[in-house]
Amino acid sequence: QERTPILSVRGLVVNYGAIKALQGVDLDVYPGEIVAVIGANGAGKSTLMNAVMGSVPRQGGKIFLDGEELPTKSYQVVTRGVAISPEGRKVFAPLTVKENLLMGAFPQKSDEQIRSDMRKIFDLFPRLEERMNQYAGTLSGGEQQMLAIGRALMARPRVLLLDEPSLGLAPIIIKEIFKELKRINEEMGLTILIVEQNARQALMLSHRAYVLQTGHMIMEGPSTELLNDPHVEEAYLGGK
Ligand code: ATP
């Protein structure tokens with residue numbers, strides 16, 4: 001029996017004026033998977049994420065969630081079940097940790113749901129609970145990343161998008177965050193799409209991966225295969 005992708009991107013084209021950032025990109029994410037998109041600086045990874053979220057306009061292609069076309073307005077995308085931890089975290093610096101989490105909860109209905117979701121996020125990232133009333137702008141980079149993930153989870157997404165969660169973080173913090181992402185996937189069954197310049201970490205976390213190069217998907221396969229692929233090794237894993 002054919003599995004149906006939860007998220008499906010077909011022929012996605014995004015231009016910024018004369019710059020062709022995405023030139024017909026296809027991507028499928030199946031329920032329960034962690035899918036990674038790896039690629040160099042400027043390959044178009046953030047553009048892909050932002051186009052799914054509706055925060056950059058697309059010039060061509062279609063994006064489907066559960067076989068239905070995804071709206072192009074960001075708040076509707078979130079309401080339909082896709083949330084993002086954006087590149088550079090973009091936490092609300094003058095708001096507290098708790099207020100940032102509440103900002104993520106807007107598609108939700110009851111206070112009860114909000115309280116129980118916050119409880120789950122504090123269980124995943126106890127540091128956030130300890131710092132509940134601290135201004136987000138004063139958190140460390142790693143804590144801000146945890147908060148950005150927590151804020152996205154507050155929307156109760158069916159698909160979580162992560163744009164370069166490892167950026168600028170110490171290896172030990174990256175390890176900690178990726179461990180929790182694995183837990184979120186395994187224990188909550190949450191589907192995750194992650195884009196990373198840190199190819200090795202992303203391939204070790206994910207089940208399947210794509211390689212994006214200057215606006216084109218050039219490879220796709222199980223992450224363990226890409227980890228052992230000589231071209232990927234040479235171009236993205238720093239060689240042996
Ligand atoms: P990085 O890892 O460095 O963030 P990326 O793979 O996420 O890279 P994008 O940020 O998607 O790449 O950028 C893809 C291309 O589009 C680049 O050439 C970039 O300069 C260009 N680009 C991105 N955003 C804009 C914009 N707002 N206006 C013009 N060009 C842009």
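Which atom of the ligand is 3.0 Å from an N or O atom in the side chain of Q197? I looked this up at the outset and found an oxygen atom of the ligand at that distance. I note here that the model is predicted.

**Entry 1: the ligand and its surroundings**

I continued with the polar neighbours of the ligand. In E164, a polar atom of the side chain lies 3.0 Å from a ligand oxygen. For G44 I recorded a backbone contact instead: a polar backbone atom of this residue is 2.9 Å from an oxygen atom of the ligand. I then checked the surface: the ligand taken alone exposes 630 Å², and the protein buries 63% of that area. Two elements, strand 2 and helix 1, each give two or more residues to the shell around the ligand. Helix 1 gives the most, with three residues.

I also listed the shell by residue. There are 14 residues around the ligand, and those that come nearest are N41, G42, K45, S46 and T47. By class, I found five nonpolar, six polar and three charged residues in the shell.

**Entry 2: the sheet beside helix 1**

I next traced the sheet. It is open, has four strands in the order 2-1-4-5, and its pairing is antiparallel. Strand 2 (19-29) and strand 5 (68-69) stand at the edges; each has a single partner strand, so one side of each is left without a neighbour in the sheet.

I then examined how strand 1 and strand 4 are joined. Strand 1 covers residues 7-16 and strand 4 covers residues 60-65; the two run antiparallel, with five bridges between them. As one point of register, I noted that R10 has K62 in strand 4 as its bridge partner. Helix 1, residues 45-53, packs on this sheet and touches strand 1, strand 2 and strand 4. I recorded an angle of about 110° between the direction of helix 1 and that of strand 1.

**Entry 3: the hairpin of strands 9 and 10**

Which residue in the hairpin of strand 9 and strand 10 takes a positive phi? I looked at the pairing before the turn. Six bridges join strand 9 (residues 208-213) to strand 10 (residues 216-222), and these strands run antiparallel. Y210 stands opposite E220 in strand 10. The hairpin has two residues between the strands, and I found the positive phi at T214, with a value near 35°.

How values were computed: Residues are numbered from 1 along each chain as its sequence is written. This is a predicted model: local features need pLDDT of at least 70, side-chain atom pairs count only at pLDDT 80 or more; totals for chains, interfaces and linings use all residues. Side-chain values use heavy atoms; hydrogens and water are left out. Two strands pair if DSSP finds at least two bridges between them. Contact means heavy atoms within 4.5 Å. Axes are lines fitted to C-alpha atoms, for helices over the stretch in contact, and angles run from 0 to 180 degrees between N-to-C directions. A residue is near a molecule or strand if one of its heavy atoms lies within 4 Å of it. A polar contact is a pair of N or O atoms within 3.5 Å; within protein, one must be able to donate a hydrogen and the other to accept it, and residues adjacent in sequence count only if both atoms are side-chain atoms. Accessible areas come from the Shrake-Rupley method with a 1.4 Å probe; for residues, only the protein chains shown count as cover. Ala, Val, Leu, Ile, Met, Phe, Trp, Tyr, Cys and Pro count as nonpolar, Asp, Glu, Lys and Arg as charged, and the others, Gly among them, as polar.
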